[in-house]
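Biologist: I'm new to this structure and would love a guided close look at a single part of it. Could you pick one residue, walk me through its surroundings, and then show me how it fits into the whole?

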Amino acid sequence: VDLDNAIKATHRVLSLKNVFKIQEIRIKKLSISFSQNQNVHFLNSSNYNKTLSQLELNNFLSFSILNQSKNQWEFGFKHITQSHNVSAPLPFLKYNYLLSKNIRFETQASINQRMPSLNELFWNPGGNLSLQPETNYNFNQKIQYQNSRITADVSLFYNHIQDGIRWLPSTNANIWSPQNIN
């Protein structure tokens, strides 16, 4: 063990979270829902040599088509604002179909992002201020059986990650740094 390069750190983290939600507004055959998650993180670490804070807002806007007997469509957007990054609107589409009284089929497609964390940006040594958000393209299908006593489902998922954030060794093998990889 190389004690000269050993990481010695103490951390204190305070996270505050607030959720604001308008449950539903109905206009004829359309339901509109908006919510916002507000997260504030304060981190005091000997590895940063300072106190850092990060504000993150997650906005969700969704539309559902109502009054359909066997199927339901839902579509919308998610938008992420973080102290260091802002996402483009991230779309999702969801479809439910009631095959019978107890069997439901669901398919969903979405694009999601994960913003770099405070550690990934500012860790000393090794933080990387040039990190891009990690983008995830998702597709899943589910069939579900439900009655008054049991719920069972089978799901299939496909995920493609672009600009994934991974900690990799640098040229100095004792120091790891987060990098975007495909």
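Modeller: Happy to! Let's start with N85, which is buried because its relative accessible area is 15%, under the 20% cut-off. Please keep in mind that this is a predicted model. N85 sits in strand β5, a stretch that covers residues 85-86. Which residues does N85 touch once its neighbours within four places in sequence are set aside? They are I80, M115, P116 and P133.

For a companion view, turn to Q144. This residue belongs to strand β8, which spans residues 134-146. Q144 also counts as buried, since its relative accessibility is 11%. Its side chain makes a polar contact of 2.7 Å with the side chain of R104. R104 appears again among the contacts of Q144 beyond four places in sequence, together with N102, I103, T151, A152 and D153.

Now let's step back to the whole protein. It has 1 helix and 11 strands, and from the N terminus the order of elements is β-β-β-β-β-β-β-α-β-β-β-β. Of its 182 residues, 29% count as buried, and N85 is one that is buried. Taking the contacts with a separation of 6 or more, 48% join residues 24 or more positions apart. As for the outside, the protein exposes about 11,900 Å², and carbon and sulfur atoms supply 56% of that area.

Notes. Residues are numbered from 1 along each chain as its sequence is written. This is a predicted model: local features need pLDDT of at least 70, side-chain atom pairs count only at pLDDT 80 or more; totals for chains, interfaces and linings use all residues. Side-chain values use heavy atoms; hydrogens and water are left out. Helices (H or I, at least four residues) and strands (E, at least two) are DSSP runs, numbered from the N terminus. Buried means under 20% relative accessible area, exposed over 50%, partly exposed in between (1.4 Å probe, protein chains only). Contact means heavy atoms within 4.5 Å. Accessible areas come from the Shrake-Rupley method with a 1.4 Å probe; for residues, only the protein chains shown count as cover. A polar contact is a pair of N or O atoms within 3.5 Å; within protein, one must be able to donate a hydrogen and the other to accept it, and residues adjacent in sequence count only if both atoms are side-chain atoms.
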